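Good morning, colleagues. I would like to take you through one structure today, beginning with its sheet, then its helices, and ending with the ligand.

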Amino acid sequence: MSESETSIEALAVSKVYWDGDRSLEILKGISFSVKTGEGVAVLGPSGSGKTTLLNILSGLDKPSAGAVKLQGIRISDLSEKAKADFRNQTIGFIFQFYHLLSEFTALENVMLPALIGKKMGSNLEARPKAEALLVRVGLKERLRHYPSELSGGEQQRVAIARALMNDPRILFCDEPTGNLDVRMSLEIAELLRSLFESEKKTVLVVTHDERVARITSRVWNIVERDWQR
Ligand SMILES: Nc1ncnc2c1ncn2[C@@H]1O[C@H](COP(=O)(O)OP(=O)(O)OP(=O)(O)O)[C@@H](O)[C@H]1O
Ligand SMILES: [Mg+2]
């Protein structure tokens, strides 16, 4: 695939929630595209629909109207099984509220995408990669801790390592530094930068953190709906 190829494409994506007979229009016909190897930040006030947008772009949620293409594939055309496989192999997602599995250790949480996707044949193959990712996010000493034994920032870093486990082409990040201190936020911002600059992944990051927005090549304000820079 050439570098200039479109990686993420939103085609007039709308989302309407219903509260009884009252409609709440959250996303109003959003269209944009992100090229392979681009890093883009999405800004906007609380409640403006940033998480909703990421969920739709990543195929976790469906738009009320419009469509999404990832790597040229219209995800609404995929069966549920094909979509799950595609997501496992192509997408990494860092959730705003981590969504770690409480009964598994940090190491096991990071290994899970590989074991589920059978990308790596066994624990033996997945383990060293998961360990290396946890070292990369500064958690060398926390491999065997359960989520309840980790701070919020540590859980967030486990979630970042997990999102990278299957070497995804596209990474969606929802406030990836929301619980991190300044030093760790800078490190994660640099990690994200290396993912799109050196590894040519596509990174779409929702953030309020100027340190993160600064490293991206484009900033999209979901309310103003104009591309800056
Ligand atoms: N399942 C749902 N049913 C009804 N309304 C919803 C649902 N999910 C989200 N909303 C509403 O949609 C709006 C956008 O929510 P969303 O979580 O996308 O905001 P956000 O921009 O990510 O906010 P934050 O910065 O606080 O994370 C909110 O007003 C929320 O109340
Ligand atoms: Mg949100």
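Before I describe the sheet, one definition is required: two strands are said to pair if DSSP finds at least two bridges between them. Please also bear in mind that this is a predicted model.

With that rule in hand, we can trace an open sheet of four strands, in the order E2-E1-E4-E5, with antiparallel pairing. At its edges stand strand E2, residues 22–35, and strand E5, residues 73–74; each has a single partner strand, so one side of each is left without a neighbour in the sheet.

Let us walk across the sheet, pair by pair. E1 and E2 run antiparallel and are joined by ten bridges. Within this pair, Tyr-17 has Leu-24 of E2 as its bridge partner. The two strands form a hairpin with two residues between them, and Gly-20, in the turn, has a positive phi of about 65 degrees.

Next comes the pairing of E1 with E4, again antiparallel, where five bridges join the strands. Here Glu-9 stands opposite Lys-69 in E4.

The last pair is E4, residues 65–70, with E5: these strands pair in the antiparallel sense over two bridges. Leu-70 is found opposite Ile-73 of E5. How many residues lie between E4 and E5 in their hairpin? There are two, and Gln-71 in that turn has a positive phi of about 50 degrees.

The sheet also carries a helix. H1 packs on it, touching E1, which spans residues 6–19, as well as E2 and E4. The direction of H1 makes about 125 degrees with that of E1.

I turn now to the helix pairs, both of which involve H3. Helix H3, residues 106–117, packs with helix H4, residues 123–136, at an angle of about 125 degrees, with the axes 9 Å apart. This angle makes H3 oblique to H4. The crossing of the two helices is right-handed. From H3, the contact is made by Ala-106, Leu-107, Val-110, Met-111, Ala-114 and Leu-115; from H4, the participants include Ala-126, Ala-130, Leu-133 and Leu-134, together with Arg-127 and Glu-131. By class, the residues of this contact are ten nonpolar, one polar and two charged.

The second partner of H3 in this account is helix H5, residues 152–164. Their axes come within 7 Å and cross at roughly 25 degrees. Why is H3 described as roughly parallel to H5? The crossing angle makes it so, since angles under 35 degrees count as roughly parallel. This crossing, too, is right-handed. On the H3 side we find Ala-106, Asn-109, Val-110, Leu-112 and Pro-113, which meet Val-158, Ala-161 and Arg-162 in H5. The residues here divide into six nonpolar, one polar and one charged.

Finally, the ligand. Which residues surround ligand 1? They are Tyr-17, Ile-26, Gly-44, Ser-46, Gly-47, Ser-48, Gly-49, Lys-50, Thr-51, Thr-52 and Gln-96. This shell comprises two nonpolar, eight polar and one charged residues. Its largest share, three residues, is supplied by helix H1, residues 50–57. Two earlier elements therefore return in this final view: H1, the helix that packs on the sheet, and Tyr-17, the bridge partner of Leu-24.

How values were computed: Residues are numbered from 1 along each chain as its sequence is written. Chains are lettered from A and ligands numbered from 1 in the order in which they are written. This is a predicted model: local features need pLDDT of at least 70, side-chain atom pairs count only at pLDDT 80 or more; totals for chains, interfaces and linings use all residues. Axes are lines fitted to C-alpha atoms, for helices over the stretch in contact, and angles run from 0 to 180 degrees between N-to-C directions. Angles under 35 degrees count as roughly parallel, over 145 as roughly antiparallel, 65 to 115 as roughly perpendicular and the rest as oblique. A crossing is left-handed if the near helix is turned anticlockwise from the far one by less than a right angle, and right-handed if clockwise. Two residues are in contact if their C-beta atoms, placed from the backbone, lie within 7 Å. Ala, Val, Leu, Ile, Met, Phe, Trp, Tyr, Cys and Pro count as nonpolar, Asp, Glu, Lys and Arg as charged, and the others, Gly among them, as polar. A residue is near a molecule or strand if its C-beta atom, placed from the backbone, lies within 6 Å of it.
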